[in-house]
Amino acid sequence: MAKVLLHVCCGPCASACVPALRDLGNEVALFFSNSNIDTREEFEKRLENAQKLAAAEGVEIAVDTYDHADWLEQVAKGFEDEPEKGARCARCFRYNLARAAAYAAAHGCDAFTTSLTVSPHKVSRMVFEAGADAAWTVSAKDCGGSAAAAPEFLPVDFKKKDGFLRSLRRAAELGLYRQSYCGCEFSRRNMV
């Protein structure tokens, strides 16, 4: 049984991913890493619901340090006017998945993946590229170049087989807060 770290963008999205990973025979742990979220209040609300999911599923959850200022500097600076699904989003995926890969390597996980692909608003190919980059970087940097010691990225498209619909149903069943935007202040611009 492989130990898989699931990067969690939010509780509702992850609600379909945990059972899917278990169905594949994996032991699952959650990693909430979301410095892209624009306010501490929103971060805490999403974290509380991810923790609620973790308790319902009986899985561990680790919480990454929230540092929106660093995210703005490392990801958004110079990319503020990019459209959704553009270069800023690709940079954001890389930022969060690099943190997940490093955590997975430091905590003996065999693999890592992300709940981001359950959303019909995310381009899975972009997420997969970011995950592969993160896995390669952690093997080169944190694992001394040893791919055998590094966790692999699992490119699972959780929106397939009605994954998004299952996430909606499970989130409603658990009473999870469903946000109306991705998380960053730039994604709010596209709200109607």
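Here is a walk through the fold, starting at the sheet and moving out to the helices and loops. Please keep in mind that the model is predicted.

Let us begin with the sheet. Five strands make up an open sheet, and from one side to the other they are ordered β3-β2-β1-β4-β5, with parallel pairing. β3 and β5 (152-153) are the edge strands, since each of them pairs on one side only. As a reminder of what holds such an arrangement together, strands of a sheet pair through backbone hydrogen bonds, either parallel or antiparallel.

A good place to zoom in is strand β2, which covers residues 27-32. Is β2 mostly covered or mostly open? It is mostly covered, with five of its six residues buried. On one flank, β2 runs parallel to strand β1 (residues 3-8), and six bridges join the two. You can follow this pairing residue by residue: H7 stands opposite F31 of β2, and V8 has F32 of β2 as its bridge partner. To get from β1 to β2 the chain passes through helix α1 (residues 11-23), and this β-α-β crossover is right-handed.

Next comes the pairing of β2 with strand β3. Here three bridges join β2 to β3 (residues 61-63), and these strands run parallel. F31 is a handy landmark for this part of the sheet: it faces A62 in β3, and H7 is also placed opposite F31. If you trace side chains along these strands, remember that in a regular strand the side chains alternate between the two faces of the sheet. The connection from β2 to β3 goes by way of helix α2 (residues 40-57), and β2, α2 and β3 make a right-handed β-α-β unit.

Now for the helices, and back to α1. How do the axes of α1 and helix α6 cross? The axes of α1 and α6 (residues 163-174) come within 8 Å and cross at roughly 115°. With that angle, α1 is roughly perpendicular to α6. The crossing of α1 past α6 is right-handed. These terms follow a common convention: two packed helices are described by the angle between their axes and the distance between the axes.

One residue to look at in α1 is P19. P19 is partly exposed, because its relative accessible area is 29%, a value in the range between the 20% limit for buried and the 50% limit for exposed. The C-alpha atoms of P19 and I61 are separated by 15 Å, with their positions 42 residues apart along the chain. Over in α6 you will find R166. R166 also counts as partly exposed, because its relative accessibility is 35%. Its C-alpha atom is separated by 9.6 Å from that of V118, and R166 and V118 are 48 residues apart along the chain.

Just ahead of α6, the loop between β5 and α6 deserves a look at its backbone angles. K161 is found in this loop, and so is D162. K161 has a positive phi of about 55° although it is not a glycine. D162 has a positive phi as well, of about 60°, and it is not a glycine either. Are K161 and D162 buried or exposed? K161 is exposed, because its relative accessible area is 77%. D162 is exposed too, because its relative accessible area is 53%.

Helix α4 (residues 87-106) is worth checking with a ruler. It has 20 residues and reaches 29 Å from its first C-alpha to its last, close to the 28 Å expected at 1.5 Å a residue. Which residues of α4 are buried? Among them are R88, C89, C92, F93, N96, L97, A100 and A104. When you read such a list, it helps that an α-helix has 3.6 residues a turn, so residues three or four places apart point the same way. After α4 comes G108, whose phi is positive, near 70°.

Our last stop is helix α5 (residues 124-141), where T137 has its place. T137 is partly exposed, because its relative accessible area is 37%. The C-alpha atoms of T137 and A102 are separated by 8.9 Å, though these residues are 35 apart along the chain.

Terms used:
Residues are numbered from 1 along each chain as its sequence is written. This is a predicted model: local features need pLDDT of at least 70, side-chain atom pairs count only at pLDDT 80 or more; totals for chains, interfaces and linings use all residues. Side-chain values use heavy atoms; hydrogens and water are left out. Buried means under 20% relative accessible area, exposed over 50%, partly exposed in between (1.4 Å probe, protein chains only). Helices (H or I, at least four residues) and strands (E, at least two) are DSSP runs, numbered from the N terminus. Two strands pair if DSSP finds at least two bridges between them. A crossover is right-handed if, with the strands pointing away from the viewer, the path from the first strand over the helix to the second runs clockwise. The expected span of a helix is 1.5 Å times one less than its number of residues. Axes are lines fitted to C-alpha atoms, for helices over the stretch in contact, and angles run from 0 to 180 degrees between N-to-C directions. Angles under 35 degrees count as roughly parallel, over 145 as roughly antiparallel, 65 to 115 as roughly perpendicular and the rest as oblique. A crossing is left-handed if the near helix is turned anticlockwise from the far one by less than a right angle, and right-handed if clockwise.
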